[in-house]
Structure formats: structure tokens, C-alpha cells
Amino acid sequence: MRRDWIEVECPLSIRRQCQLSGIPRSSWYYEPVFESEENLLYMRLMDEQYIRTPFYGVPRMTQMLRQKGFRVNPKRIERLMSLMGLQAIYPKKNLSKPAPGHKVYPYLLRGLQIQRPNQVWSTDITYIRMLNGFLYLCAVIDWYSRYMISWRLSNTLDADFCIEALEEALASAGTRPEIFNTDQGSQFTSEAFTGVLLQNEVKISMDGRGRALDNVFIERLWRTVKYEHVFLHEYENGRDL
């Protein structure tokens, strides 16, 4: 998959090609472990189901696949949903877990009225399928206008492509938000990610207990991207996507 993105014999350096392709350079060196065709089919079906019913967790996803005639067990579905970054949307104790040692910032949006652009930005990651694999899409969105300020694709869930999306958003918007809200995923609690926000004097907010619907704006964006584009095309590789 990586060879479809980067030309080894190209006059441009690998680093420059990665920059132009919008992918982290670390993705070029990463050797992915590909899923079986069977698992990719399950992931495709779960992705489509999740867009329709984002409150489906492991039990219901397992039941859905069994009703379609597939012999699957909850343990397998739990692993694939984790790989895809899918999590049932409902209030629960922890939305996502930060890596050990990562600082978690308090939630700043309780009762806040969103009244102007650049008051609050947020980000999230979603799974994007291709014919023979999948990538992850990270986007930064403005809560007031619902405008997608920047985005990046990656074949790994490391923090690099999230940081690149954040840096591009700050550069392209020509301003900075008052508050930047994320979940408690390890990509967003990393010092590399939060450091960019702190350097730009942006207040950091992180979803906590009972904040299951805080990313509803970007979840609606994912629905639009997938239904109106991804599901209508069969992209062969990362460059096409």
C-alpha cells in the first residue's frame, strides 16, 4: 500500500513526497499487518452499520453479522471495532483511554454557548475503507460554522498525522481557536499534540464522563463523507483515496 503513495525513484525526497501526499513520514517506514479478506468484509459491513446506528456496540454488531450468515464471535468483533476506532455512542465511564502518563485536561464546554467562529475547534479520527485495505482520516472542524479546516490520512494510528492536521489548521485559518476539544485518545493526550496547542496559547478541553455526544458535529461530517463519497467509490489505494 505504501508503494502506491511514494515513488522511490522520484527526484523528490521521501520526506517531501510524504508532505505533498499528506501522510506522516513514519507511515513510509511502517510495515503494516494486513487483515484477511474475511476481516476486511466484516469491517466494511460494520462501518456501514455504524454510520446508520452509532449506538451499536460489540453485542449488536456481532448479532448483525450473524443475522447475515457469518459465524463470528464477540472477541473477534471487539478486536476489529477497536482497530477501526469504533465505539458505541452512549454515556459511559470512559470514552477512550489516554496512554499511561499522558496528562488529561478538564472539560471546558459545559454550558458554553457557541456564538462565533474560532470559539471552539475539535478533532476526531475515523476509519476509511479501500478495495484492499483501509486508512484513518483525521479532521479538524470549527463548531460554529461546521467547516472542516484541515484533514490528513494515515495507515497508522500514531499521533503524527493528527499533529500535522492540527498544524495545518492553525496555519491555513490564519488564527487560533479559543478552545480546542478532543476525546481522551492517546493521540490527543500526547505531549507532542497538546504541546502545539499550548505553544499557540489555546485552551485544551477533553471529553470526560457522560460526554458521549460532544463529537456529534464531526460524527455528522463522517456520515456525509462516507455516504456521499467513500461508499460511492471503490478506491484501490491510498493515493487514489
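Buried means under 20% relative accessible area, exposed means over 50%, and partly exposed is everything in between. Keep those cut-offs at hand, because this tour of a predicted model uses the three words at nearly every stop.

**Whole chain**

Start with everything shown and coloured by pLDDT. The average over the chain is 83, and 81% of the residues reach at least 70. Switch to a cartoon and you can pick out 10 helices and five strands. Of the 241 residues, 49% are buried. What share of the contacts between residues at least 6 apart in sequence joins residues at least 24 apart? That share is 65%.

**The two ends of the confidence scale**

Select residues 2-5, helix α1, where the mean pLDDT is 49, the lowest among the elements of the chain. Now jump to residues 58-67: helix α5 has the highest mean, 96. One more stretch to colour is residues 92-96, where pLDDT stays under 50. The model has 14 contacts beyond four places in sequence for residues 92-96.

**Helix α5 and M61**

Go back to α5 and select M61, which sits in that helix. Is M61 buried or exposed? Its relative accessible area is 0%, so M61 is buried. Show the neighbours next: leaving aside residues up to four places away in sequence, M61 touches M46, Q49, Y50, Y56, I77 and M81. You can also draw a C-alpha to C-alpha distance from M61 to P74, which comes to 8.4 Å for two residues 13 apart in sequence.

**Strand β1: S122 and T123**

Move on to residues 120-130, strand β1, and select S122 there. The relative accessible area of S122 is 1%, which means that S122 is buried. Show side chains and look for W143: the side chains of S122 and W143 are joined by a polar contact of 2.7 Å.

Then select T123, also found in β1. With a relative accessibility of 1%, T123 counts as buried. Which backbone oxygen does the side chain of T123 reach? The partner is the backbone oxygen of A139, at 2.7 Å.

**The loop before β1: N118**

Select N118, in the loop between α6 (74-84) and β1. If you have a Ramachandran panel open, look for a phi near 65°, a positive value in a residue other than glycine. Why does N118 count as partly exposed? Its relative accessibility is 24%, and partly exposed is the class between 20% and 50%, so N118 falls there.

**E178 and its neighbours**

Keep N118 on screen and add E178, which lies in the loop between α7 and β4 (179-182). At a relative accessible area of 38%, E178 is partly exposed. Beyond residues up to four places away in sequence, E178 touches R116, N118, Q119, V202 and K203, so the residue from the previous stop appears again in this list. What joins the side chains of E178 and R116? A polar contact of 3.0 Å does. For a distance label, use the C-alpha atoms of E178 and Q119: they are 59 residues apart along the chain and separated by 5.1 Å.

**Helices α7 and α9**

Select residues 160-173 for α7 and residues 191-199 for α9. Their axes lie 9 Å apart, and the two helices pack at an angle of about 10°. Angles under 35 degrees count as roughly parallel, and α7 and α9 are therefore roughly parallel to each other. To see the contact itself, show C162, I163, L166, E167 and L170 on α7, together with A192, F193, V196 and L197 on α9. Colour these residues by type and they divide into eight nonpolar, no polar and one charged.

While you are here, select E164, another residue of α7. E164 is partly exposed, with a relative accessibility of 26%. The C-alpha atoms of E164 and F193 are 9.3 Å apart, with their places 29 residues apart along the chain.

**Last stop: E201**

Finish in the loop between α9 and β5 (203-206), where E201 is found. Like N118, E201 is a residue other than glycine with a positive phi, here near 55°. Is E201 buried or exposed? With 62% relative accessibility, E201 counts as exposed.

Terms used:
Residues are numbered from 1 along each chain as its sequence is written. This is a predicted model: local features need pLDDT of at least 70, side-chain atom pairs count only at pLDDT 80 or more; totals for chains, interfaces and linings use all residues. Side-chain values use heavy atoms; hydrogens and water are left out. pLDDT is the predictor's confidence in each residue, from 0 to 100. Helices (H or I, at least four residues) and strands (E, at least two) are DSSP runs, numbered from the N terminus. Contact means heavy atoms within 4.5 Å. Axes are lines fitted to C-alpha atoms, for helices over the stretch in contact, and angles run from 0 to 180 degrees between N-to-C directions. Angles under 35 degrees count as roughly parallel, over 145 as roughly antiparallel, 65 to 115 as roughly perpendicular and the rest as oblique. Ala, Val, Leu, Ile, Met, Phe, Trp, Tyr, Cys and Pro count as nonpolar, Asp, Glu, Lys and Arg as charged, and the others, Gly among them, as polar. Buried means under 20% relative accessible area, exposed over 50%, partly exposed in between (1.4 Å probe, protein chains only). A polar contact is a pair of N or O atoms within 3.5 Å; within protein, one must be able to donate a hydrogen and the other to accept it, and residues adjacent in sequence count only if both atoms are side-chain atoms.
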